[in-house]
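Got your viewer open and a selection box ready? Follow along and we'll walk through this one stop at a time.

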Amino acid sequence: MRGLHLIPADADLQFISRRMIFFVFSGFLVLASVGLFGAKGMSYGIDFKGGIMIDIRTDGPADIAAMRGTLSGLGLGEVSLQEFGAPDDVLIRLQKQEGGEKAQAAAVDKVKAALGQGVEYRRTEFVGPKVSDELFWDGVMAVTFAIAAILVYIWFRFEWQFGLGAVVALVHDVFTTIGLFALLGMEFNLSTVAAILTIAGYSINDTVVVYDRVRENLRKFKTMPMEKLLNNSVNETLSRTVVTSITTLLALLALYFLGGEVIRGFSFAMIWGVVIGTYSSICLAVPLLLYLNVGQRGGGKAQEAATEQAP
Amino acid sequence: MVYFAKWKVVLVLAICALGLLLAAPNLLSRKQADALPSWLPHQQISLGLDLQGGSHLLLEVEVETVLRERLESLVDSVRIALRKARIRYSGLGVDGNAVVVTVKEVSRAEEAFQLVRSLDSDTTPELADGGRLRLAFSEQSIRDRAIAAVEQSIEIVRRRIDETGVREPTIQRQGDDRILVQLPGVDDPERIKRLLGKTAKMAFHLLDPGTTPEQAMTGRVPAGSRLLPAADELGPGGRPRMYLVRKKVMVSGENLINASPGVDQRSNQPVVNFRFNAVGGKRFGDVTKSNVGRPFAIVLDGKVISAPVIREPILRGEGQISGYFTLQSAQDLALLLRAGALPAPLTILEERSVGPGLGADSIAAGKLASIIGLILVVVFMVVVYGRFGAMADVALLANMILIAAALSVLQATLTLPGIAGIVLTIGMAVDANVLVFERIREEVRIGRTPISAIDAGYKRAITTIIDANVTTLIAALLLYQFGSGPVRGFAVTLSIGIACSMFTAIMLTRLLVVTWLRRFRPQTLPI
């Protein structure tokens, strides 16, 4: 029984020479993301914006229009209702109530009283202004510190140029994920932050694997032109990159289609993250090394490393 | 790398066996697992509230009210003390953390200073020129009181929740002034929220007979009294009826030792029966004896529950409150009185409640997604790496068992995002093996023999595996640090998954590969 070679052993796809295409494409993606973030803004969930979310199940298909009428009449500000996965499942969202922390709990009472006992309350969540502010800043800090910590680790394990290249790719992934959420108007909540951090972890994982090969090849082939060396490194690890991406995607697709409505947003972000993370590792992180004077060829660390290897 | 010391083989197999043993109780029902003899592992994975259904409430103790009440009562004490000594003053009031007053006759300032300095030992009294007195609470005492208030609130919250019969609630302090309450199995916490929303400070006061409430409402409230609204009783115009109540407390709710709901024999209305302790009973007896025929008010959190007339002295220390109760509200009041008053009001900052229906659906969906994801990955690995893929699959299954074992032993909480973390681990756990196998393929391609190809494959891939996993671990740890609730569950399973996958990929798969290699001594590698 011999395995299937998804990527031929002698693959020699040209990644590095096409780098300008990738740079322009990614530059466009990042700018578009920043533009969307600024112009359209994020559709923050109650975790970050505060407010109320109630998930109910009715007997038989829900009459959303009637419910909207009832709830709009309560004077609780903007009320949004949407079908949630099934016709008898309704997700009700209310904006953060004026009047501080206590007003949120009072509004929940009002909504429950208006909907009556005939419905099943599957989920009731409210987040007051204090907690939502804290969660928001915790999220920002988590992402910032994660990127910084990863930068330090890569710097420590490789050379600073690698750290920089990896972080550029990482920031690219984070920005475009945020841009995608802005574009699609998908709810951005705590689990999205979890997804972004995992994407960061996955993307860096991919980058590290290719960088490891670059470092190895730098030691092995001292005279090979940098561009060819980088391209070889990508091709040599391409099979692994593709296989791991596929296994991860298989698991995530199962999660997306079967894991239920509550984590669909999370799975979606992760699927996007695997795709964009794989792309950025190969098409950004590696070609960037060309401009970062990696290995200080003919001296410096590569030389030291080579002598270390010698005995 | 192709040589395995005997002890290492034993160790790897022992870890796997231990994992199996520790994970096994999860296959049993809760009852069966509890019935296992104590020397057997019987811990099961504990499910988060989003999976088993339940309510998560984050409460904040309004500690500033503790200080405010202290300041107000100190103002009262100062007023009484100065009046008693017939010292004239002006500008008595609160300024920040201090009570200030100016003594009009500067010659008596020293006398006033001596009087007020002993009123509250936590204050640092200052006497300035012009007869200005200032009694400031020290930062330390404010902080101590706040801490004590939070501690006491936790205790009262626990008592109130225990009284409602919720099983295994978690009540813990979070940060300086917050209380996290987790109520498994409670999907509609309205009653508990209502119970926690009441401070339940109860006191018995005499009514002020000298002035009618109507007169007082036009602005002439006598100094020793105040106007309080009724809790449920309506007055003219559909607004709550008002009572003019003496400020002085006859007996306070602190002296209650028991309270229970009941039904009044004559009226058939729900009532609350209560009993005082010795001190309270004595005081209540004395006051009722000397006030027969006069009305008094039972005040709860600044509202008059009822204002009956004292018909006869109540000397046994027992009484009955008949307000405008329903059966439920009588029960709730009795419960609140039994559990005691909160030192400060609580505010609910955050609620997350999940009904049992959604929780069960989430578990079912998570299970299905995990199983299908696992099958897809297992099949794919065999397709790509043949026999080696199958060995990686064995390691993957062992990985799942080890994750279950670790979650059970650590008593980490499995949440829905946690299940997502496990599914993601299924996809990513094979990465270490993929790295090794690809490396072996390369080594075979450059003409190495099977043994040396496998040896080199593992040797070279290992640093990459460690680097790649450490970076993911960094992200997971930060997620744990800054995340909250269910998201933390994701960080936990992801971290455990990564740790387990490093072990299974590097040790277990290698053991399988090496054993196979020794047994069959293949000339070429089927990879």
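**Across the chains and into chain B**

Start by selecting A:Thr124 and B:Ser353: the two are bridge partners, with B:Ser353 sitting in S17(B). Keep in mind as you look that this is a predicted model.

Now widen the selection to the strands around that pair. Strand S5 of chain A, residues 120-127, is joined to S17(B) by five bridges, and the two run antiparallel.

Next, bring up the whole contact between the chains. Chain B puts in 67 residues and chain A puts in 66 residues. On the chain B side, the elements giving two or more residues are strand S17 (346-354) and the helices H11 (356-410), H12 (416-445), H13 (450-482) and H14 (486-520). Colour H11(B) separately, since you'll want to spot it: its 19 residues are the largest share of that side. If you colour by class instead, the side of chain B that touches chain A shows 38 nonpolar, 16 polar and 13 charged residues.

Zoom out to chain B on its own. Its secondary structure comes to 14 helices and 18 strands. How does its radius of gyration compare with the globule rule? At 35 Å it is well over the 24 Å that the rule gives for 527 residues, so chain B is more spread out than a compact globule. Draw a box along the principal axes and the C-alpha trace spans about 110 × 65 × 45 Å. Of the 527 residues, 43% count as buried. Looking at contacts with a separation of 6 or more, 69% are between residues 24 or more positions apart.

Colour by domain next. The assignment for chain B gives domain 1 as 6-53 + 355-520, domain 2 as 63-142 and domain 3 as 197-351. Put a distance label between the C-alpha centres of domains 2 and 3 of chain B and it should read 31 Å.

For the last stop, select S12, S13 and S16 of chain B. These three strands form an open antiparallel sheet in the order S12-S13-S16. The edges are S12 (256-263) and S16 (318-321), each pairing on one side only. Ignoring direction, neighbouring strands here are turned by 25° against each other on average. Zoom in on S13 (residues 270-276) of chain B and you'll find four bridges to S16(B), in the antiparallel sense. One pair to click is B:Phe274 with its bridge partner in S16(B), B:Gly319. Finally, add helix H10 (residues 327-339) of chain B, which packs on this sheet and touches S12 and S13 of chain B. The direction of H10 makes about 170° with that of S12(B).

Key:
Residues are numbered from 1 along each chain as its sequence is written. Chains are lettered from A and ligands numbered from 1 in the order in which they are written. This is a predicted model: local features need pLDDT of at least 70, side-chain atom pairs count only at pLDDT 80 or more; totals for chains, interfaces and linings use all residues. The radius of gyration is taken over C-alpha atoms; the globule rule is 2.2 Å times the number of residues to the power 0.38. A residue is buried if 20 or more other C-beta atoms lie within 10 Å of its own, exposed if 12 or fewer, and partly exposed in between; C-beta atoms are placed from the backbone. Two residues are in contact if their C-beta atoms, placed from the backbone, lie within 7 Å. Ala, Val, Leu, Ile, Met, Phe, Trp, Tyr, Cys and Pro count as nonpolar, Asp, Glu, Lys and Arg as charged, and the others, Gly among them, as polar. Two strands pair if DSSP finds at least two bridges between them. Domain bounds come from an automatic or database domain assignment. Axes are lines fitted to C-alpha atoms, for helices over the stretch in contact, and angles run from 0 to 180 degrees between N-to-C directions.
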